[in-house]
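Biologist: I have a model open and would like to learn how to read it feature by feature. Could you walk me through it?

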Amino acid sequence: MIFGDGGGQASSPKNHPDTFFPGGGYESTRAGVREASVRGTLVAASRCPVNALLKGAQARYPLSMEATLEQERKDEVAAVASPPDPGKVHAYHQAKRICHLAGIAQGIAYWGIWLALAGGLVAWLDQYLDARWLALLATAVVMHGGYHLVGLPLDYYSGFILERRYDLTNQTPGTWLVFQIKTWLVGTVIGGILLAGLYALLWYGGGLWSVWAWAGLMIFSVLLAKVFPLIILPLFYPAKPLERPTLIERLTTLASGAGMTITGIFNLELSKETKKANAMLAGLGSSRRVYLSDTLLEAFSDDQIAVVFAHELGHHIRGHIVKGIGLAAVATSLLVALLHWRLNPFAGTDAGQWTGAVAGLAQVSFILTVFPLIIGPATNAISRHFERQADADALRLTDNPAAFRGAFELLTTMNLEDPNPPRWEEIFFEDHPAISTRIAAADAYAARSGR
Ligand SMILES: [Zn+2]
């Protein structure tokens with residue numbers, strides 16, 4: 001992404017759609033679907049720690065009409081480009097920051113309580129159930145269902161009330177809820193597959209169960225990255241091939257100059273949900289696509305869109321997706337080592353001896369909640385490095401630092417971004433550099449190149 005994904009799905013740093021603009025990182029550790037960024041959107045899907053494992057239309061116009069629209073877009077740009085009131089930006093970010101930290105505290109406390117209570121719950125279930133898979137299902141429903149219910153008020157406040165107060169959302173309470181339910185359903189399917197796989201390996205996988213678990217997680221997350229644009233993304237946002245011939249031609253030329261063949265440039269309809277703009281590169285291999293949000297296409301000039309696109313090309317040129325998968329492999333091995341530590345005593349136990357393993361679900365969930373926080377500083381630092389590289393490529397490929405600066409200023413306005421987040425926030429939660437840093441890079445380029 002050009003702007004944040006909002007998400008430090010720490011266990012798989014770049015193994016997800018990459019977005020151009022930061023979503024602010026607030027939802028990151030809660031891994032919820034963020035409205036503003038598609039990756040954030042989907043990965044966040046779940047506040048559910050199990051899913052933390054995974055961790056991110058134009059009508060057809062004749063050419064003449066496109067020219068008219070282009071002029072209209074420029075006018076709109078002029079209308080929205082006035083910088084937001086710093087006091088408003090500060091107030092919004094303070095509120096989001098408090099919600100974010102409260103969400104983390106709530107998650108840790110919630111799972112901390114289950115660490116103490118899980119044994120009792122499982123002992124109680126043991127009186128009524130003798131099938132371990134049924135016991136696991138019941139435990140997962142109680143624990144994770146409760147997690148979502150407990151988190152709902154905060155999610156609603158942060159994800160809807162605040163967004164509406166600052167005029168950043170196009171959702172109604174009803175559409176917010178529908179979006180949330182879809183997110184839960186997708187999260188439940190993905191989390192359910194992972195959980196079932198984990199316990200199947202624990203119970204039947206033999207002595208090397210955790211090695212298979214690691215391999216399974218890696219394969220699953222690569223497959224998920226592959227099918228994300230084809231299956232998951234359309235559940236949340238409609239996308240259509242971009243239908244602006246002059247822009248397509250310009251972007252295609254830019255891509256071929258960088259040695260990349262574009263398989264598709266799509267217009268992603270974020271506007272039903274949000275006023276924020278974003279862009280991303282998603283998919284792997286033949287499913288690889290560039291998405292530009294309709295909000296971005298409407299507000300940005302072609303020069304600014306070219307900058308955004310060139311940033312995504314930068315990720316491609318540098319092989320950031322493959323490098324991201326390599327990093328995910330390292331992070332996943334750390335995670336699996338922790339799971340092995342807590343669950344291995346229950347490996348290969350008899351079907352009747354399930355209570356310890358099932359109660360261990362609380363430990364698994366606790367680990368999945370704190371793990372992204374622990375490795376966040378490292379994965380975010382690497383991600384910010386990749387983003388700086390992609391920015392440098394965007395400047396080199398377009399040679400238009402003024403458009404680069406303009407794109408970020410516009411984005412700051414549209415998304416009410418904090419150009420200078422506190423350093424601690426950047427370290428722990430931001431996978432994109434601060435906007436002020438990115439604009440400074442453009443100014444340095446301009447000074448060097450005399451543009
Ligand atoms: Zn990026």
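**Reading the model, feature by feature**

Modeller: Gladly. Let's begin in a loop: Leu 208 sits between helix 5 (173–204) and helix 6 (209–236). Keep in mind throughout that this is a predicted model.

Biologist: Is Leu 208 buried or exposed?

Modeller: For burial, we count neighbouring C-beta atoms. Leu 208 has 12 other C-beta atoms within 10 Å, and a residue with 12 or fewer is classed as exposed, so Leu 208 is exposed. Its C-alpha atom is separated by 9.6 Å from that of Ala 347, although the two residues are 139 apart along the chain.

Biologist: And what is the overall make-up of the protein chain?

Modeller: The chain has 14 helices and five strands. Of its 451 residues, 50% are buried.

Biologist: How should I read the side chains along a strand?

Modeller: In a regular strand, side chains alternate between the two faces of the sheet. Take strand 3 (residues 265–268): Ile 265 and Asn 267 point one way, Phe 266 and Leu 268 the other, and all are buried. Strand 5 (residues 289–293) follows the pattern too, with Arg 289, Tyr 291 and Ser 293 pointing one way and Val 290 and Leu 292 the other.

Biologist: Why is strand 5 described as largely enclosed by the rest of the structure?

Modeller: Because five of its five residues are buried.

Biologist: Which strands pair with strand 3, and in what sense?

Modeller: Strand 2 (residues 239–241) runs antiparallel to strand 3, joined by three bridges; there, Lys 240 stands opposite Asn 267. Strand 5 runs parallel to strand 3, with four bridges, and Leu 268 has Ser 293 as its bridge partner.

Biologist: What about strand 4?

Modeller: Strand 4 (residues 279–282) pairs with strand 5 in the antiparallel sense over four bridges, with Ala 282 opposite Arg 289. Six residues lie between these two strands in their hairpin, where Gly 283 takes a positive phi near 90°.

Biologist: How do I look for a nonpolar core?

Modeller: In soluble globular proteins, nonpolar side chains tend to be buried together. Here the largest nonpolar core has 52 residues, and Tyr 291, Leu 292 and Ala 407 have the most contacts inside it. Beyond its neighbours within four places in sequence, Ala 407 is in contact with Phe 300, Gln 304, Val 307 and Val 308. A second, separate core of 43 residues includes Met 143, Ile 325, Val 336 and Phe 371.

Biologist: Met 143 brings me to helix 4. How can I check a helix's length?

Modeller: Compare the expected rise with the distance between the ends. At 1.5 Å a residue, the 34 residues of helix 4 (residues 132–165) should span 50 Å, and the end C-alpha atoms are 47 Å apart, which agrees. A kink of about 45° lies at Leu 152, shortly before Pro 153.

Biologist: What covers the buried residues of helix 4?

Modeller: The cover includes helix 3 (86–126), helix 5 and helix 11. Among the buried residues of helix 4 are Ala 135, Met 143, Tyr 147 and Phe 160. After the helix comes Asp 167, with a positive phi near 55°.

Biologist: Where is the kink in helix 11?

Modeller: At Gly 376, shortly before Pro 377, with a bend of about 55°. The length check works here as well: the 44 residues of helix 11 (residues 355–398) should span 64 Å at 1.5 Å a residue, and the end C-alpha atoms are 60 Å apart, which agrees. Asp 399 follows helix 11, and its phi is positive, near 50°.

Note on methods. Residues are numbered from 1 along each chain as its sequence is written. This is a predicted model: local features need pLDDT of at least 70, side-chain atom pairs count only at pLDDT 80 or more; totals for chains, interfaces and linings use all residues. A residue is buried if 20 or more other C-beta atoms lie within 10 Å of its own, exposed if 12 or fewer, and partly exposed in between; C-beta atoms are placed from the backbone. A nonpolar core is a set of buried Ala, Val, Leu, Ile, Met, Phe, Trp, Tyr and Cys residues joined through C-beta atoms within 7 Å. Two residues are in contact if their C-beta atoms, placed from the backbone, lie within 7 Å. The expected span of a helix is 1.5 Å times one less than its number of residues. The bend at a residue is the angle between axes fitted to the seven residues ending there and the seven starting there. Two strands pair if DSSP finds at least two bridges between them.
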